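Visitor: Please take a close look at a single part of this model and describe it in one connected account, giving the cut-off behind each term as you use it.

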Amino acid sequence: MAAEEDSPQFPVHAAARAPGLAALDEALTGCRACPRLVAWREETARVRRRAYADEEYWARPVPGLGPADAALAVVGLAPAAHGGNRTGRMFTGDRSGDVLFAAMHAEGLASQPTSTARGDGLELYGVRVTAPVHCAPPANKPTTDERLTCRPWLVRELELLRPTLRAVVVLGAFGWQALLPVLADSGRRVPRPLPRFGHGTHVELPGPTGAEPPLHLLGCYHVSQQNTFTGRLTPAMLREVLARGAAYAGLRPGV
């Protein structure tokens, strides 16, 4: 008999039961609802990259990173096979994370410019980093079904952040396409047709009533090596979007 964690309905039920972010993160790490992703993350951990041959890989879903009262969220795509899937922390242990956390540190949003391993002392200030897919996918390309299966985790995470969340920086078109329907279903007044992703795009999403502050959505090219190595996304470009997001969120970087 299949375990509950193997069922496609596990994210739906487990996410809904989580009373807070810590409980949500713990439940998420036990998920095995997507067979292809489970097989890939575990195969990657068995084969390993030569540089990490002596390390024990996390090889589980990777939870979000950051405080439960974050005012700014950064939404990526999915963990890297030899990054988050190895270290167990979002954007940790790969070159994408090197670029992201260096920029966050420069803007006063992170305690240090590097993110190499859990327990390395990294703290985020008012920022939560997460993704619409929490397992490393082959070729960094989750399927539509995998994104939809993983969706309840993001839905619940944003519900729990809602009292304090004021802005979201979305890294890449995949995250943008995954996030907008979630926000619409939560009662945010998302324009129709849906706003298109673009670097520097800014969309203000009112709440269902005038009493709730708007949520500011900002697009940013993903911090993938393809983008950063070619100069499509420079550190200055990334810092500029993060600074705008922090301003919309009402954060005072460094405090």
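**The central strands and their sheet**

Guide: Strand S3 and strand S5 (residues 215-220) pair in the parallel sense, with five bridges between them; strands here are DSSP runs of E of at least two residues, helices are runs of H or I of at least four, both are numbered from the N terminus, and two strands pair if DSSP finds at least two bridges between them. The model is a predicted one, in which local features need pLDDT of at least 70 and side-chain atom pairs count only at pLDDT 80 or more, while totals for chains, interfaces and linings use all residues. Residues are numbered from 1 along each chain as its sequence is written, and side-chain values use heavy atoms, with hydrogens and water left out.

Within the pairing of S3 with S5, valine 169 has leucine 218 of S5 as its bridge partner, and leucine 171 stands opposite cysteine 220, also in S5. Strand S3 covers residues 167-171, and because five of its five residues are buried, the strand is largely enclosed by the rest of the structure; buried means under 20% relative accessible area, exposed means over 50%, and partly exposed lies in between, for a 1.4 Å probe and protein chains only. Both faces of S3 are covered, with Ala167, Val169 and Leu171 buried on one side and Val168 and Val170 buried on the other. Strand S5 is likewise largely enclosed by the rest of the structure, because six of its six residues are buried. Its two faces are both covered: one carries Leu215, Leu217 and Gly219, the other His216, Leu218 and Cys220, and all of these are buried.

From this pair the sheet can be followed outwards in both directions. Strand S3 also pairs with S1, again in the parallel sense and over four bridges, and there valine 75 has valine 170 of S3 as its bridge partner. Strand S1, residues 72-75, in turn pairs in the parallel sense with S2 over four bridges, where alanine 73 is partnered by arginine 128 of S2. On the other side, S5 pairs with S4 in the antiparallel sense over four bridges, and the bridge partner of valine 203 is leucine 217 in S5.

Taken together, these pairings give an open sheet of five strands in the order S2-S1-S3-S5-S4, with mixed pairing. Its edge strands are S2 (127-130) and S4 (202-205), each of which pairs on one side only. Neighbouring strands of the sheet are turned by 20 degrees against each other on average, direction ignored, where axes are lines fitted to C-alpha atoms, for helices over the stretch in contact, and angles between N-to-C directions run from 0 to 180 degrees.

One further residue can be placed relative to these strands, namely serine 115, which is found in the loop between helix H5 (95-106) and S2. Serine 115 is buried, with a relative accessible area of 1%. From valine 168 it is separated by 53 residues in sequence and by 21 Å in space, C-alpha to C-alpha. Leaving aside neighbours within four places in sequence, serine 115 is in contact with Arg89, Phe91, Thr92, Gly93, Phe101, Asp120 and Leu122, contact meaning heavy atoms within 4.5 Å.
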